[in-house]
Amino acid sequence: MTREQSKYTKSADAFAQARKYLPGGVDSPVRAFGRVDMGPVFVAAAKGSKIYDIDGNQYIDYVCSWGPMILGHAHPAVLEAILAAAQKGSSFGAPTLAETELAEKVIAAYDSIEKVRFLSSGTEAVMTAIRLARAYTRKDLIVKMVGCYHGHSDSLLVAAGSGLAETAIASSAGVPDSIAKLTVVLPYNDIEAVKAAFEKHKGNIAAVLIEPVAANMGVIGPADGYLQMLRELCNGRDTLLIFDEVITGFRLAAGGAQELFAINGDLTCLGKIIGGGLPAAAVAGRADIMDMLAPLGPVYQAGTLSGNPIATAAANATLDILTKGDCYEKLESSAATLEAGLADAAKNAGIDVTINRLGSIMSCFFTDKPVRNFTDVQSTDIECFKKFFAAMLNQGIYLAPSAYEAMFVSLAHTPEDIEKTIEAAKNSFARIIG
Ligand SMILES: *Cc1c(COP(=O)(O)O)cnc(C)c1O
């Protein structure tokens, strides 16, 4: 199914122009809409739950900048904080009071966090976490799970090797095999695989790195007891457990997935929401590990724009709202209504879907089977998703342009937005059949 082309002529022209000067016309691959076989819509503006494209189309936005915009776009309190900070200067390369204030909020929200280092992207946060883990344990290997995304640093752009618990191979050109070999890639939700890796690479695993709720292969929650068993396997083996909560941090609860599942990581990576829509991220955790960072310790890490005053102001304003009141109850209620509506609509249309949802992140997989790992995701009907995506877009619903991504519900989504989305889904499911 293609889009109603006439609605998107300015975006089509803009994309043609952008492709002359930007590789692929975009600054991050998934934005090119390649996974849904069309060109992207170019965004002109956004406010609350809506985004507006340059052709004048309006959409209810379920991408929310891939997670950060949990309060909705251009939230008045965040905007005010950004403008006030900008007026005092946009970057100093020197410490500010706001960074300590933000660190205190993060530490208050997470049981497992005693110290925080702010940086500019989730990629940097995870890159630094694994450097810290290697320095702390004096070991080299990192375990990661298939389908989890941890940014684009060399060690983590890797795919599973030939056998279970075998070291990885590079999944991007430009990543040397000698670096890929330092990562072991295992299936998500498979505790036996982790045991096998600890056996095979005895004494060499610095850290197990995981999204405690996977949200970069669609949304997949941890199986019962999985995270606890990871915790136990790491304990006593002098291996750190790193929770990449770049999506789930301040999303599933103020204390992220760790609060939800009552479990503590040794290190936590935060990003997306913690920037309040601006570029900011954090690596955080136990003081004895964090204090290995320069200038205190021997692990080097630095950033010209780290703790940037405008980003820090946006973050402080965002966390102030999220850590007070009943935000997470509201998010749960909106998302639960949407989940039930989508499930109903699919059922009535005679289409098999599996909806995985944790709080305000969810995925609607086109399959009649449970989806518990990346292999399950790959067996879903991607062609169906593409048709669904196009039909939703044509009705003013902006979903992530890939079957391997999550839907994000924000506090700005109103009951009317959710209702409209369910109505659009009814039509879209009918069109898939038709
Ligand atoms: C987005 C994401 C990252 C990378 O963050 P960037 O800010 O895009 O570098 C890392 N881990 C997870 C779980 C993410 O979702």
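Started with the surface of this predicted model. I got an accessible area of about 18,100 Å² for the chain, with 53% of that on carbon and sulfur atoms.

Next I checked burial. Buried residues come to 56% of the 434 in the chain, taking buried as under 20% relative accessible area.

Then secondary structure. I counted 14 helices and 16 strands in the chain. How compact is the chain? Its radius of gyration is 21 Å and the globule rule gives 22 Å for 434 residues, so I put the chain down as being as compact as a globular protein of that length. For the extents, I noted that the C-alpha trace spans about 60 × 55 × 45 Å along its principal axes.

Contacts came after that. Of those with a separation of 6 or more, 72% are between residues 24 or more positions apart.

Charges: I have 38 positive and 47 negative ones in the chain, and their mean positions lie 4 Å apart.

Last, I looked at one sheet. It is open, has 4 strands in the order β1-β2-β3-β15, and its pairing is mixed. Which strands stand at the edges? They are β1 (43–47) and β15 (397–398); each has a single partner strand, so one side of each is left without a neighbour in the sheet.

Inside that order I followed β2 and β3. Strand β2 covers residues 50–53 and strand β3 residues 58–61; they run antiparallel and 3 bridges join them. I also wrote down a facing pair: Ile 51 stands opposite Tyr 59 in β3.

Technical notes: Residues numbered from 1 in each chain as written. Predicted model: local features only at pLDDT ≥ 70, side-chain atom pairs only at ≥ 80, totals over all residues. Heavy atoms only, no water. Helix = DSSP H or I, 4+ residues; strand = E, 2+ residues; numbered from the N terminus. Rg over C-alpha atoms; globule rule 2.2 N^0.38 Å. Buried < 20%, exposed > 50% of the residue type's maximum accessible area, 1.4 Å probe, protein only. Contact = heavy atoms within 4.5 Å. Areas by Shrake-Rupley, 256 points an atom, 1.4 Å probe, with all protein chains shown as cover. Lys, Arg positive; Asp, Glu negative; His and termini not counted. Charge placed at Lys NZ, Arg CZ, Asp CG, Glu CD. Pairing = 2+ DSSP bridges.
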